[in-house]
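User: I have a chain to look at and some questions about its folds and contacts. Can you take me through them?

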Amino acid sequence: MAAWSDLTFDVLEHITSFLPLPDHYRFGAVCKNWRSISKQKRQPPTPQLPWLVLEDDKETRNRKFYCLSEGKQYSIDIPELHGRYICGSSYGWLFAVDLKITGILINPFTRECYELPPFPEYNEYTNVSTLIEKMPSDYNGEPIGCTFEEMQTSIVWKAILSHDPKERSDFTAMILFGQMNEPAFWRPGDSSWTVIDGLDCSMDDILYFKGNFYVVAAMNLLSVVDFESKPKLIEVGLEIPAQISVEGCGLQRYLIDFNGHMLLIERFGHSDTNDKSNTDGFIVIEPKLEQNCYNIWDDIDGYALFLGRNACIHVDSCRVPKCKKNGIYFTHPTESISPVEFGYHDLGVFDMTNKTIGTFYSAEVIFPHVDSPVWITPKPW
C-alpha cells in the first residue's frame, strides 16, 4: 500500500472538501506534499457552526475565537485587531473600532482590510472627528459625558454589509450609531458616512433584504431606507403588535433573511433585582409586506438562528453536526451583568420546540466582560 504522503493530488484535494476549517490547517501540517495541497485552498471548508469572536489575550494580544463545533478556543495573531472592539460582522468580515474611534472592515482570516472614515457625531456634544484631531500621544482629555473606552464600545451598536466585498466591490456598509442607534451608510470611495433621517426612537436592528435596507425599532416598528434625494426612513405601514405576554418585556428585536423570507425575531425577558436583563425566549414573526399581514412561526423548519451584533445567520441543522434543530443561539451585551455570578454576558440557546434555554459552551469557557461575543462565519479564502 502506498504511503499516505504519496496519495495523488486529486485524492488529497477531494479529502480537503470534507474538512472543517481547523482541520485544513492540521492537514497542511502532516507533510510537505499535503501542505502544498492545503496552500492551494481550492476546496472551501465543510459547513460548520459559526464561531464566536472574543476579546484580545491580555498577554499576547492575540485575538481569541471560540469554535462552537469543536467546543474549543483558538488564539490567532491578527495585529490589525489589537485593542479594537468588534461591533459587527457580516459575510465573514468584522467591523472593529480602536481607542481613537477609528474603524476598519476586515476579514480576520485573509487580512483583507478597508479603512473606514470617521464616524458621525456620538451625541450632540461630541464630534468624533474633532476628538481624533485632539488625540496626540500625550492627550489626556476625555469626551463630554463618557470616556474613550466607553465611546469605543458604544459608538456603533451594529454594522452590516449589503454584499460580500470579496464578491462585489460596490457594496454598502450600514451602521446603527450613537445614543439613539441612528442609521448611516458608507460605500467604498465615500469620504464620510451619510446619516439617514430617522424616527424619534432608537433602532434595534438592520437588514439588507431583496435590494433594500430595513430597520426595526421598539414595538416592532419596521421601516425601509429610501435612498432617493436625501436618504430617510419610511415606515412600511404594517403594524406588528408585540407578541410577548404581560409577564415579560421586549428586550431586543432582530431581522434576518431566512431563505428568502424576512423574519422579525423578538427577544423577551425580565430584569432581576440587580437590573440585569435575562433572556426568557424568542418569538419568530414573518412580516408579509406585499400582503400587509404577518405570520407567527412555531418553528424554523429544522434550522438554527445565530443572533447578536452580527448580521443574523441561519444554519441548516441537517447539514451541520452538533447544530441544535429549531434552536436560537444568542449573545447580547448586558453591561450590568456580574462577572462574579456569571462570568459572561447574556448568551445561550433557546429551544423553540420545548421553550427552554440552555448553554452552548462548556463550563470552563470564560467569555469576556467588555467585548460582547460576536458570531462570524469564517471565510478563510
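What follows is a set of questions and answers on a predicted model.

User: How many helices and how many strands does the chain have?

Analyst: This is a predicted model. Its secondary structure is mainly a matter of counting runs along the chain. The count comes to 5 helices and 25 strands.

User: What share of the residues in the chain is buried?

Analyst: The chain has 381 residues. Its accessible surface is about 18,100 Å², and carbon and sulfur atoms hold 50% of that. The share of buried residues is 51%.

User: In which order do the strands of the open sheet with E1 and E25 run?

Analyst: The open sheet has 4 strands, and their pairing is antiparallel. Strand E3 (72-76) and strand E25 (374-376) each have a single partner, so they stand at the edges with one side left without a neighbour in the sheet. On average, neighbouring strands are turned by 35° against each other, direction ignored. The order is E3-E2-E1-E25.

User: Which residue in E3 stands opposite tyrosine 66?

Analyst: Strand E2 covers residues 63-67 and runs antiparallel to E3. The two are joined by 5 bridges. Opposite tyrosine 66 stands glutamine 73.

User: Is asparagine 62 buried or exposed?

Analyst: Asparagine 62 sits in the loop between strand E1 (51-56) and E2. Beyond its neighbours within four places in sequence, asparagine 62 contacts Glu55, Asp56, Asp57, Ser75, Ile76 and Asp77. Its relative accessible area is 16%, and the cut-off for buried is under 20%. So asparagine 62 is buried.

User: Which residues are linked with Glu55 in a network of salt bridges?

Analyst: The structure holds 14 salt bridges. Some of them are joined in a network that includes Glu55. The residues linked with Glu55 are Lys58 and Lys64.

User: How many residues apart in sequence are the parts tied together by lysine 166 and glutamate 112?

Analyst: The two side chains meet in a salt bridge of 3.2 Å, N to O. Lysine 166 lies in the loop between strand E8 (156-161) and strand E9 (173-177), and glutamate 112 in the loop between strand E6 (103-106) and strand E7 (113-115). Lysine 166 is exposed at 52% relative accessibility, whereas glutamate 112 is partly exposed at 28%. The pair therefore ties together parts that are 54 residues apart.

User: Which residue forms a salt bridge with arginine 253?

Analyst: The closest N and O atoms of this pair are 2.8 Å apart. The pair links distant parts of the chain, with arginine 253 in strand E16 (residues 249-258) and its partner in strand E12 (residues 203-209), 49 residues apart. Arginine 253 is buried at 7% relative accessibility, and the partner is buried at 10%. That partner is aspartate 204.

User: How far apart are the closest N and O atoms of arginine 168 and aspartate 170?

Analyst: These two residues form a salt bridge. Arginine 168 is partly exposed at 36% relative accessibility. Aspartate 170 is partly exposed too, at 47%. The closest N and O atoms are apart by 2.9 Å.

User: How many residues of strand E14 are buried?

Analyst: Strand E14 spans residues 221-226 and is mostly covered. It pairs with strand E13 (residues 212-217) in the antiparallel sense over 4 bridges. It also pairs antiparallel with strand E15 (residues 232-235), over 4 bridges. Of the 6 residues in E14, the buried ones number 5.

User: Which residue takes a positive phi in the hairpin of E13 and E14?

Analyst: In this hairpin, valine 216 stands opposite leucine 222 in E14. There are 3 residues between the strands. One residue has a positive phi near 60°: methionine 219.

User: Which residue in the turn between E14 and E15 has a positive phi?

Analyst: Aspartate 226 stands opposite lysine 232 in E15. The hairpin has 5 residues between its strands. The positive phi of about 50° belongs to serine 229.

User: How many disulfides does a search of the whole structure find?

Analyst: A disulfide is a covalent bond between the sulfur atoms of two cysteines. Cysteine 201 is partly exposed at 21% relative accessibility, and cysteine 312 is buried at 15%. Over the whole structure, the number of disulfides found is 0.

Conventions
Residues numbered from 1 in each chain as written. Predicted model: local features only at pLDDT ≥ 70, side-chain atom pairs only at ≥ 80, totals over all residues. Heavy atoms only, no water. Salt bridge = Lys/Arg side-chain N within 4 Å of Asp/Glu carboxyl O. Buried < 20%, exposed > 50% of the residue type's maximum accessible area, 1.4 Å probe, protein only. Pairing = 2+ DSSP bridges. Axes fitted to C-alpha atoms, helices over the stretch in contact; angles between N-to-C directions. Areas by Shrake-Rupley, 256 points an atom, 1.4 Å probe, with all protein chains shown as cover. Contact = heavy atoms within 4.5 Å. Disulfide = S-S within 2.5 Å.
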